[in-house]
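Reader: I'd like to learn how to read strands, burial and ring pairs in a model. Can we walk through one together?

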Amino acid sequence: MFKLLVILSVAAVVAAEYHEEHYSHPKYKFEYGVKDHHTGDNKDQWEHRDGDVVKGQYSFYEADGTKRIVEYTSDKHHGFQAHVKRVGHAQHPQIYGHEEGHHFAGNELGHGHGHASSYANLYQHHH
């Protein structure tokens, strides 16, 4: 009986230590960036965490040449919040001079006259 009490006492102590909660304070910082002149892929990001507070920012270039910057924070009291900024002026491709472009006329491939054909021209056939 004595051995059984010793074993149960040891088991109770081990169980109490096992169920004791250990708090780990999360803390980290990271950042990265890409600048690929060949593909035009330019972006960056950084983030800091200290406990339950996270702050960060990422940015990238849109197809129109503007830069999108997203700043964000997250904590217990306010939740996730993001602020988005756009920097620069949108620039769209311009075609100079007089070119002969192709467009669809009815079901036939025709020649367009004017500034140029554009990727924004759509062929739509309605019945």
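Reader: How do S4 and strand S5 (residues 79–87) pair, and over how many bridges?

Author: First, the ground rules: this is a predicted model, where local features need pLDDT of at least 70, side-chain atom pairs count only at pLDDT 80 or more, and totals for chains, interfaces and linings use all residues. Residues are numbered from 1 along each chain as its sequence is written, and side-chain values use heavy atoms, with hydrogens and water left out. Strands are DSSP runs (E, at least two residues), numbered from the N terminus, and two of them pair if DSSP finds at least two bridges between them. Here S4 and S5 run antiparallel, with nine bridges, and three residues make the hairpin connection from S4 to S5.

Reader: What does strand S3 (residues 53–61) do with strand S4 (residues 67–75)?

Author: S3 and S4 are antiparallel too, paired over eight bridges. Five residues sit between them in a hairpin, and glycine 65 in that turn has a positive phi of about 95°. You can follow serine 74 across the sheet: valine 54 stands opposite it, and phenylalanine 80 in S5 is its bridge partner.

Reader: And how many residues lie between S2 and S3 in their hairpin?

Author: Two, and glycine 51 in the turn has a positive phi of about 70°. S2 and S3 pair antiparallel over eight bridges, with glutamate 47 facing glycine 56 in S3.

Reader: Is glutamine 45 buried or exposed?

Author: Buried means under 20% relative accessible area, exposed over 50%, and partly exposed in between (1.4 Å probe, protein chains only). Glutamine 45 has 19%, so it counts as buried. This residue belongs to strand S2 (residues 41–50). Contact means heavy atoms within 4.5 Å; beyond four places in sequence, glutamine 45 touches Phe30, Glu31, Tyr32, Gln57, Tyr58 and Tyr72.

Reader: Which aromatic rings are linked into a cluster by ring pairs?

Author: As a general idea, a ring pair is described by the distance of the centres and the angle of the planes. Rings of Phe, Tyr and Trp (its six-membered ring) pair if their centres lie within 6.5 Å; planes under 30 degrees apart are stacked, over 60 edge-to-face, and the rest tilted. The whole structure has four aromatic pairs. One of them, tyrosine 58 with phenylalanine 60, is stacked, at 6.4 Å centre to centre and 10° between the planes. The cluster takes in Tyr58, Phe60, Tyr72 and Phe80.

Reader: Why does tyrosine 58 count as partly exposed?

Author: Because its relative accessibility is 33%. Phenylalanine 60 is partly exposed as well, at 27%.

Key:
Helices (H or I, at least four residues) and strands (E, at least two) are DSSP runs, numbered from the N terminus.
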